[in-house]
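Reader: I would like a close look at a single part of this model, taken strand by strand, and then set against the chain that holds it. Please go through the pairing and the burial with care.

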Amino acid sequence: MRIVPFLCSTAITVALVAVFDRPLGKVPPLGAFFSPQYGFWQNAEPARQDYGGTLSLNGLQGPVEVFFDDRLVPHVFAENEQDLYFVQGYLHARFRLFQIDLQTRAAAGRASELAGSKAINFDKEQRRLGMVYAAENALKEIEADTQFRSFFDAYTAGVNSYIEQLTESALPIEYKLLQSKPEKWSNLKTALLLKMMSKMLSGGTENDLANTNAKSIFMPEELQQLYPQVPDSLLPIVPIGTEFPKPAVIPVKPATADSLYFNNKTTVAAQSLDRPDPGNGSNNWVVGGSKTKSGYPILANDPHLELSLPSIWFEIQLKTPTHNSYGVSLPGSPFVVIGFNDSIAWGVTNSQRDVKDYYEIKFKDQTRSSYWFNGEWVPTTMRIEEIKIKDSLSVFDTVAYTVFGPVQFDNRFSNAISADRNLAVRWAAHDPSNEGLTFYKLNKARNYADYEEAISTFTCPGQNFIFASRSGDIAIWQQGRFPARWDGQGLYVMPGQDSSYLWQGYIPQQENPHAINPARGYLQSANQRAADGTYPYFIPGSYITARGVRIDKKLATMSAITPRDMMELHADYFNVSAEDVRPVLLANIQEGQLGLKEREYLEILRSWDLLASPDSKGQTVFQCFWDSVQVSIWKDEISRTNPVAPWPSEQTTIEWLLRDSVHRYADDINTTEVESLAMTITASFKKAALVLAAKEAEGKLVWSRFMNPSVYHLLKDALPAFARKGLAVGGYGNIVNAIKHSHGPSWRMIVHLTDGIEAYGVFPGGQSGNPGSRFYDNNISVWEKGEYNRCWYMRDGDRANQQVKWVLRFNKS
Amino acid sequence: MLSGVGISLWALSPWWGFVPVAFLVAAMIHQAPAKAFAAGFLGMLLAWGGLSWWIDWQNSSLLSKQVAVLFPLQGSSAALILLTGVLGGLLGGVAALAGSYLRISKSKME
């Protein structure tokens, strides 16, 4: 009798378990996810979590002590370097496992394994750009140096040591949401992470494809006007007046350059799908003892990158009996990347140099197995790429490799219209190199000579390494291995049928732009062109001029500088571009044609103090108006080809408006009427006013509300709850405080090289990648207020110091 | 000692390990089906709800506020704890219900 209800209720029980055990669309399995013993609740760290303890681990040679301060910054004290980097790997995994796993999978073109089929094209492009090929080439170089290899090995062992003991309940919450598992670490993954940085910083600093389209519609003199190499208002990294030696390498323009290259009017339809933000820039500067109150140098750095949670940076102190460095590390790689030790401080900004070129390849046939080069058919090397996809079958792609590099675009990629153009990519990041070695040596450097030696092998991405020492030296080098180009080489897609268009050599390292102890007592870099027109090499790139102008002018007038002054300069909201262009805009507005509301906005613009502060309405009006002007001036011209030619830079537009008197680009070529500059500017203002009125109705006329500064979780819109939005900050890409929506100062550091080392730092995030930890976002409010944390530079005698909150002891097992 | 064994078994079991336990307990202790369901439901509601509440309290609701946005509960930690408890309770209830029927059918057969 009771058999039926028994079977029914048992069936219901089993069915419920089964339903709760499997994902429902994007929703993770409810049972496992909500289970307080296994699911997300286990990621809710007690506010009084104890991060201390004792661990016995295989792979260590001796004991290591980790002292955590109240911000969860680990101060790692090891007896040798292998143990030091083992523990750094362990700590990166302990606090940032999902981040390092996701970033290296994405770097390798394996995002689809976590994200599903929507990431297939992203993955294809990573593979076709040769990201894994680049990492493998780097790894060969890295592993050839047995001592250096032992650091990578130790780091990898440390990461894996954490992963191996991980239980299901302790998995980072993202794995529980995506129903995935972490993957074992390897030296290749560390190399991949560094290539991710190479792509971020040198993958979008050229514009060869769009430039090629520009060349098809503009005359040579127009190209000069629209895309000039040296801006009028440039204040370069190397002080003006510096004499450069005669170039040791003089590249030769191929005989066919005019006919096959410069005068080739063919357009190119292929486009990169994932182009790094050209605003991935940074500021750094240093002032010598002659300009500071204390007589000791002060160094400042703020790298501008996508702002994410967890942050791209992890603060750490690394100490052995022979060195003691402090700063931020990149989770996924050993060493301190930006920081200081007891003798020196260093920082980096991006060089913005073009180190990536495209060559047109002629294949013999559809098999792509050989291509025409130097008068014969040469075989390609094929690399078969399997892209595994979550919940789906793998997709395969075959990439042909040539003497130039991988063929990134052909009839199988990127889109339907790119057919019949085979473009191979030559990228400096493909060359064997060991960038980590530079950071390893900087961690231990004691003086200028050590620093110069450390940076001399750094290849890609080109960086501006700024330096200061306690002994009083200040210096900056733009360092990288840069091709010595003939004038115009690599601006456009180049012919790929013979060796004459290859890179002929490299600028000798000693000829890289640099400056040491200038009489003026300060040095700065902010992604501008490194040198003025007297530098004897052709150095194209995606330069940003305005921030450097502002920083240089400020530093020139400052004296008796203190760290507080440097903090104020980091926070500087002055809009130097607006200072230049506002008078032209105001002079050309035909006020009689404006309505009541429009006049109101005009008045806001007129009385604006030129500060992009969070509560500024003037900055909002200016930016909307100025964007509208640039669209009106250029859009008709650059749209004469499809895909469009590059937008002339903001700096170019400003200088053109100030210099030119004819202003023929102001005319809209799509109308029969000939528009004057005044007509175009007035019409642009009216368009901007419509946007402004709509924003005002939403209460978003104030700059910070308009811009909505936000720090997103790495998975962006998939996990909006893990983001921190609507921060009360101002700034913009052309402003020293370079915050724009979800991009900007990812780490602000100021180091005063006094006897005790007085250092400050902050990044908009926290040490922990766990959204259930109070250390997930605890520094955001500090950063938002423009404040800093004092970096505690711990010494041997500080083990019992009150600032030590937890001690984690590692022993060899 | 028994509880020690229980805890170590707990750690080894999958997330649904409590389901057969609730089933067995209900099969061993004689109860009317409705009562068994209520006991299983309440027991697991308290176990999952209570444990998640305790975790949440120690965490100052940092994580639950965010997860209660991913699962559209308007950021309410209490709703998330309740949902956790109800999920556990539902499973505990049906498992106990099934167990009680096993007991009853056995006794009838005897």
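Author: What follows looks closely at one strand and its partners, and then widens to the rest of the structure.

The model is a predicted one, and the part chosen here is β25, residues 748-752 of chain A. Five of the five residues of this strand are buried, so β25(A) is largely enclosed by the rest of the structure. In a regular strand the side chains alternate between the two faces of the sheet. For β25(A) both faces are covered, with A:Arg748, A:Ile750 and A:His752 buried on one side and A:Met749 and A:Val751 buried on the other.

Which strands pair with β25(A)? One partner is β5, residues 298-306 of chain A, which runs antiparallel to β25(A) and is joined to it by four bridges; within this pairing A:Ala300 stands opposite A:Ile750. Another partner is β26, residues 758-762 of chain A, which pairs with β25(A) in the antiparallel sense over five bridges. Here the bridge partner of A:His752 is A:Glu758 in β26(A). The strands β25(A) and β26(A) form a hairpin with five residues between them, and A:Ile757, in the turn, has a positive phi of about 60°. A:Ile750 and A:His752 thus both belong to one buried face of β25(A), while A:Ala300 is opposite A:Ile750 and A:Glu758 is the bridge partner of A:His752.

Another covered strand of chain A offers a useful parallel. In β17, residues 422-427 of chain A, six of the six residues are buried. Both of its faces are covered, with A:Asn422, A:Ala424 and A:Arg426 on one side and A:Leu423, A:Val425 and A:Trp427 on the other. The strand β17(A) belongs to an open sheet of four strands in the order β16-β17-β11-β20 of chain A, with mixed pairing. The edges of this sheet are β16 (407-409) and β20 (494-495) of chain A, each of which pairs on one side only. Two bridges join β16(A) to β17(A), and these strands run antiparallel; in this pairing A:Val407 stands opposite A:Ala424, and A:Leu423 is the bridge partner of A:Phe409. With β11, residues 356-361 of chain A, β17(A) pairs in the antiparallel sense over six bridges, and there A:Asp357 stands opposite A:Arg426.

A helix of chain A can be followed in a similar way. Helix α15, residues 546-557 of chain A, has 12 residues, which at 1.5 Å a residue should span 16 Å, and its end C-alpha atoms are 17 Å apart, which agrees. Its buried residues are A:Ala546, A:Arg547, A:Gly548, A:Val549, A:Arg550, A:Ile551, A:Asp552 and A:Leu555. These buried residues pack against two strands, β4 (282-287) and β22 (522-525), and against the helices α16 (563-570), α17 (576-588) and α20 (650-659) of chain A.

Around these parts, the secondary structure of chain A comes to 23 helices and 28 strands. The radius of gyration of chain A is 28 Å, close to the 28 Å that the globule rule gives for 813 residues, so chain A is as compact as a globular protein of that length. Its C-alpha trace spans about 90 × 75 × 65 Å along the principal axes, and 53% of its 813 residues count as buried. Among contacts in chain A between residues at least 6 apart in sequence, 72% join residues at least 24 apart.

In soluble globular proteins, nonpolar side chains tend to be buried together. Here the largest nonpolar core has 237 residues, of which A:Val87, A:Phe467 and B:Ala22 touch the most other members. Helix α3 (residues 81-107) of chain A gives the most to this core, with 14 residues. Beyond its neighbours within four places in sequence, A:Val87 is in contact with A:Val64, A:Val66, A:Val76, A:Ala78, A:Gly158 and A:Phe810.

Chain B, whose secondary structure comes to five helices and zero strands, has 110 residues, and buried residues make up 49% of them. The contact between the chains takes 32 residues from chain A and 31 residues from chain B. The largest share of the side of chain A that touches chain B, nine residues, comes from α1(A). That side of chain A divides into 21 nonpolar, seven polar and four charged residues.

How values were computed
Residues are numbered from 1 along each chain as its sequence is written. Chains are lettered from A and ligands numbered from 1 in the order in which they are written. This is a predicted model: local features need pLDDT of at least 70, side-chain atom pairs count only at pLDDT 80 or more; totals for chains, interfaces and linings use all residues. Two residues are in contact if their C-beta atoms, placed from the backbone, lie within 7 Å. Ala, Val, Leu, Ile, Met, Phe, Trp, Tyr, Cys and Pro count as nonpolar, Asp, Glu, Lys and Arg as charged, and the others, Gly among them, as polar. Two strands pair if DSSP finds at least two bridges between them. A nonpolar core is a set of buried Ala, Val, Leu, Ile, Met, Phe, Trp, Tyr and Cys residues joined through C-beta atoms within 7 Å. A residue is buried if 20 or more other C-beta atoms lie within 10 Å of its own, exposed if 12 or fewer, and partly exposed in between; C-beta atoms are placed from the backbone. The radius of gyration is taken over C-alpha atoms; the globule rule is 2.2 Å times the number of residues to the power 0.38. The expected span of a helix is 1.5 Å times one less than its number of residues.
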